[in-house]
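Grab a coffee and work through these exercises with the structure open beside you. Try each task before you read its solution.

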Amino acid sequence: MRLLAVVLTLVAGPAIAQDWRSHSGDEAFDAETLQARLSGQTLTFYDEGQSVYDSNGEYQYIYGGGGTWFGHWEVADNSRVCVTFVTGVERCDRFVTNGDRLVLQTADGMRFPIRP
């Protein structure tokens, strides 16, 4: 069930302004720092899903159980990263650090910590 929630969240989230429901200790990135932090990186979630941020702007979300969504990513304001998938669907998520942990926040308030 958790995997289904992640899949629906990662694929169907709207790209509109949101109240990100920040937690105490959340620290946002400026655009330049977030670009450098993600470019060329693969982030692994605790359900084994992976977000791949290629330095050329290409993006892949690889599901822990198999399957891949392809698109293009770019950094936006307010510590956000927006992905336009090859299907034309666009979504924006926000990255913050909390302590030593990188966390992805979705527009509907869900939080997904990234594995170290």
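**Exercise 1. Salt bridges**

Keep in mind that this is a predicted model. Task: find how many salt bridges the structure holds, then work out where the partners of Arg-111, Glu-48 and Arg-91 sit.

Solution.

Step 1: Start with the count, which is 4 salt bridges for the structure.

Step 2: Go to Arg-111, whose salt-bridge partner is Asp-26, with 2.8 Å between the closest N and O atoms. This pair links distant parts of the chain, since Arg-111 belongs to strand β9 (residues 111–113) and Asp-26 to strand β1 (residues 26–28), 85 residues apart.

Step 3: Check the cover on each partner. Buried means under 20% relative accessible area. Asp-26 comes out at 17%, so it counts as buried. Arg-111 has 22% and is partly exposed.

Step 4: Now take Glu-48, which meets Arg-115 in a salt bridge at 2.5 Å, N to O. Glu-48 is in the loop between β2 (41–44) and β3 (50–53), while Arg-115 is in the segment after β9, so the bridge ties together parts that are 67 residues apart in sequence. Glu-48 is partly exposed at 43%, and Arg-115 is partly exposed at 33%.

Step 5: Finish with Arg-91, whose side chain meets that of Asp-93 in a salt bridge, again with an N to O distance of 2.5 Å. Both Arg-91 and Asp-93 are buried.

**Exercise 2. Backbone oddities**

Task: look at phi for Glu-48 and for Ser-79. Which loops hold these residues, and is Ser-79 buried or exposed?

Solution.

Step 1: Recall the background: most residues other than glycine have a negative phi.

Step 2: Read off the angles. Glu-48 has a positive phi, near 75°, and Ser-79 has a positive phi too, near 65°.

Step 3: Place them. Glu-48 is in the loop between β2 and β3, and Ser-79 is in the loop between β5 (68–75) and β6 (80–85).

Step 4: Compare their surroundings. Ser-79 has just 2% relative accessibility, so it counts as buried, whereas Glu-48, at 43%, is partly exposed.

**Exercise 3. Around Tyr-63**

Task: start at Tyr-63 in the loop between β4 (58–62) and β5. What does its side chain contact, and how is its ring set against that of Tyr-61?

Solution.

Step 1: Check the cover: Tyr-63 has 10% relative accessibility and therefore counts as buried.

Step 2: Look for a polar partner. The side chain of Tyr-63 makes a polar contact with that of Trp-69, at 2.7 Å.

Step 3: Return to Glu-48. Tyr-63 and Glu-48 are 15 residues apart in sequence, and their C-alpha atoms are 7.2 Å apart in space.

Step 4: Turn to the rings. The count for the model is 7 aromatic pairs. One of them is Tyr-61 with Tyr-63: the ring centres are 5.0 Å apart and the planes meet at 80°, so this pair is edge-to-face. The cut-off behind that call is over 60 degrees. Both Tyr-61 and Tyr-63 are buried.

Step 5: Follow Trp-69 onward. Trp-69 also pairs edge-to-face with Phe-85, at 5.3 Å centre to centre and 85° between the planes. The pair links distant parts of the chain: Trp-69 is in strand β5 and Phe-85 in strand β6, 16 residues apart. Trp-69 is partly exposed at 25%, but Phe-85 is buried at 4%.

Step 6: Widen the view. Trp-69 and Phe-85 belong to one aromatic cluster together with Tyr-53, Tyr-59, Trp-73 and Phe-95.

Step 7: Look at one more ring. Arg-115, the salt-bridge partner of Glu-48, lies over the face of Tyr-46, at 6.0 Å from the ring centre.

**Exercise 4. The whole chain**

Task: sum up the protein by its helices and strands, its buried share and its surface.

Solution.

Step 1: Count the elements: 2 helices and 9 strands. Along the sequence they run α-β-α-β-β-β-β-β-β-β-β.

Step 2: Take the buried share, which is 41% of the 116 residues.

Step 3: Look at contacts with a separation of 6 or more: 44% of them join residues 24 or more positions apart.

Step 4: End at the surface. The protein exposes about 6,200 Å², with 51% of that supplied by carbon and sulfur atoms.

Notes. Residues numbered from 1 in each chain as written. Predicted model: local features only at pLDDT ≥ 70, side-chain atom pairs only at ≥ 80, totals over all residues. Heavy atoms only, no water. Helix = DSSP H or I, 4+ residues; strand = E, 2+ residues; numbered from the N terminus. Buried < 20%, exposed > 50% of the residue type's maximum accessible area, 1.4 Å probe, protein only. Contact = heavy atoms within 4.5 Å. Areas by Shrake-Rupley, 256 points an atom, 1.4 Å probe, with all protein chains shown as cover. Polar contact = N/O pair within 3.5 Å; in protein donor to acceptor, adjacent residues only side chain to side chain. Phe/Tyr/Trp six-rings, centres within 6.5 Å; stacked < 30°, edge-to-face > 60°. Lys NZ or Arg CZ within 6 Å of the ring centre and 35° of its normal.
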